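Grab a pencil and work through these exercises with the model open beside you. Each task comes with a worked solution, so try it yourself before reading on.

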Amino acid sequence: MADVTYREALRRALDEELDRDRDVFLMGEEIGKFEGSYKVTAGLWQKYGAERVRETPISEEGFVGAGIGAAMMGLRPVVEIMTINFILVAMDQVVNHAAKIRYMFGGTVGVPLVIRTPGGAGAQLTAQHSQSLEAWFAGCPGLKVVAPSNPADAYGMLKTAIRDDDPVLFCENLVLYNVTGTVPENGDFTVPIGVAAVAKEGDDLTIVAHSYTVQRALRVADRLGQDGISVEVIDLRSLRPLDVDTVVESVRKTNRVLVAEEGWSTFGVGAELAARIQKACFDDLDAPVERVGAAEVPMPYSKPLELAALPLESKIEAAARSLLRECGL
Amino acid sequence: MPRLSDTMEEGRIGRWLKREGDSFREGDVIAEIETDKATMEFQAYDDGTVLRIIVDDGETAALGAPIAIVGEAGEEVADAPAEKEPAAAAEPEPATSGSDPNVAAAPPAPAPQGNGKAEVLRVSPIARRMADTAGLDLRSLAGKGSGPDGRIVKADVERALQGATPVPGTDVAPAPEPSPPAVPAPGEGDEVRELSPMLKAVARRMTESKTTVPHFYVSSEIDMTRALQLRKELNEALADSGEKVSVNDLIVRASAQALVQHPQAHRSYVDGTHVYHAHAHVGIAVALDDGLIVPVLRDADTKSLRQIAVEARDLAERARAGKLRQREIEGGTFTVSNMGMLGVSAFAAIINPPESTILAVSATIQRPVVRDGAVAVGDIMSVTLSCDHRACSGADGARLLQTVKRHLEAPTLLLA
């Protein structure tokens, strides 16, 4: 097993699935000759041709709709939306069509569609291009929403998503693309959707996160570890279905929990988890569930303000320490 | 509760100057708050109206706790944050007999005794469950919780259970015996009173000083005959101005002069370093009805005797009136504690950290002295210098005291 980037792990999964199943094809803006804005589809147009790696106009509503239609007819499209910010113009297709069709057709027709799209912030892309909107979709029945945090999970979950018979929103992250990790060489390796992972074991505090925030949480755990505080990090991996059991098991052990996410806290992943945790773990808690998310503002352009708005490690660490102080630790 | 001194952890409302319904402008003094150091004026940050007072005159609140609600005149206020709830709300309903045969009726917890203002016991859910399992009576931890608002948390229960026999299974064990109180209970007729914030600060700082600062003491007797004569002449000359020079002013002046001459006795030991003080900021201990405070006369080494007299008098008057500002009670490099007016013949004082020396001044008493081989009547003042041995050696302390003595015995030096 060699270290590869998150980007390469995705590319490899796409390559192997295109190779494995003739029904799989890719669609998106400039994913062919240009190899995609973030180079995830590098080399695939050359290898599989324009029929299976299809260039689209700048028309998210149109090509997501085309993907849904193709999926209903039995193909397995993987649609790339350049960033999650641009999915908003295709909202009707995602929420009102992809998510609803199996239900409205009485279960006779499914939509085995994957929408790949990165979120995240930190490169001064400002208010419209710095969002993490996955929680909006995670609240919608009929969709699956995943957000892997490392190359191995990205590889294994993208394969699972492509093989799934229902629509999957596959959330990537701009900062994660260059993160490296080991990825199994075995082409049969997959990671199930709906199962969280214990990214690091600990006893004093649970930090729950998804996507790039898991990497931040692991570094915070290291820092607190130097002060003798043992932090468990739960990587949700999937937001819908949400693996509440793994979180609950952890909270029952640590009695303290903080949920961190890159999106806004209000009505966010942490809000959902706080509700689930207090229900399942009421008698296990030593302090209220704590949340850390982005500042509740449109992302500023100014670098100092952007840093102030992001849920950086320093903020997660401060919130963790404050929570632990409330518990006399 | 605003932070009005660097070290305050709680404050007591001396009195509200604006009551509910009163409006105020930005900068108006709306309350007097007793911190650990002084009574401070609390100025309004903005225009507004006092809608509700939460912490009333004489009551204490932790730093950051709400003390009042302010807003627009006539604005409705929701119920103030509940500080105390009736005890009944927190107690479980006793099971009604026969209501559910599967549930054994637990005896109701005894109601707290007293005035009906029982504190709600705040307990985190896991702490409550652990205590239940171990048979620990959480009321034994009342007031000892380390969480917000005194919430009893897991760590508190764990500490309480340490030493207690672990309970196997889920059987309920008897509650651990309460540990005997460390001090005897007050006897009949005794009265127990809370310390004022200032007395708490004094208790804490003096304990800290006496237990962590290695004190040593150097004593001397100073012949004050000429100094008293000088004072008399000065006060006669200043009679028209209303100014008056006290013995203490002479001592402050002599000390300030001596301090800048002896840098090794005028430095503080701070975290393994010596901080050498450029100027002598002399603290003057002022006794209050119950307690004391030490206003600081800054740059005493650069001030004339007359200036020192005027400033010291002002500081002492405002100290007794509780009107000192925060910056007037900080930053001392030396303290004079004078109990001469109380007739004491000798005493030693506790250093006021981070200062490294304090001069204890006793009464000036007429005694026979030997001058030029003949016995004469002298006005003798006994002084004891307490020194922090981490900052200065015995010889450093002795030299400092020697210079103080020299300046008081040849007091024209005080005018130099």
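**Exercise 1: the three-stranded sheet**

Chain B has an open sheet of 3 strands in the order β2-β5-β7, paired in the antiparallel sense. Strands here are DSSP runs of E with at least two residues, helices are runs of H or I with at least four, and both are numbered from the N terminus. Two strands pair if DSSP finds at least two bridges between them. A word on the source: this is a predicted model, where local features need pLDDT of at least 70, side-chain atom pairs count only at pLDDT 80 or more, and totals for chains, interfaces and linings use all residues. Residues are numbered from 1 along each chain as its sequence is written, while chains are lettered from A and ligands numbered from 1 in the order in which they are written.

Task: work out which strands stand at the edges, then find the residue opposite S23(B).

Solution.
- Step 1: β2 (23-24) and β7 (68-71) of chain B each have a single partner strand, so they stand at the edges with one side lacking a neighbour in the sheet.
- Step 2: follow β2(B) to β5 (residues 48-53) of chain B; the two are antiparallel over 2 bridges.
- Step 3: across from S23(B) you'll find T49(B) in β5(B).

**Exercise 2: the six-stranded sheet**

Task: take the open sheet of 6 strands in chain B, find its edges, and say what packs on it.

Solution.
- Step 1: read off the order, β8-β17-β16-β15-β11-β14, with mixed pairing.
- Step 2: β8 (215-223) and β14 (296-297) of chain B are the edges, because each has a single partner strand and so has one side without a neighbour in the sheet.
- Step 3: for a parallel pair, look at β11 (residues 282-284) and β15 (residues 334-338) of chain B, joined over 3 bridges. Here I284(B) has V336(B) in β15(B) as its bridge partner.
- Step 4: helix α6 (residues 247-261) of chain B packs on the sheet, touching β11, β14, β15 and β16 (357-371). Its direction makes about 155° with that of β15(B), taking axes as lines fitted to C-alpha atoms (for helices, over the stretch in contact) and angles from 0 to 180 degrees between N-to-C directions.

**Exercise 3: the side facing chain A**

Task: describe the side of chain B that touches chain A.

Solution.
- Step 1: 12 residues of chain B contact 11 residues of chain A (contact: C-beta atoms, placed from the backbone, within 7 Å).
- Step 2: α2 (125-134) and α3 (154-161) of chain B are the elements giving two or more residues to that side, and α2(B) has the largest share, 4 residues.

How values were computed:
Two residues are in contact if their C-beta atoms, placed from the backbone, lie within 7 Å.
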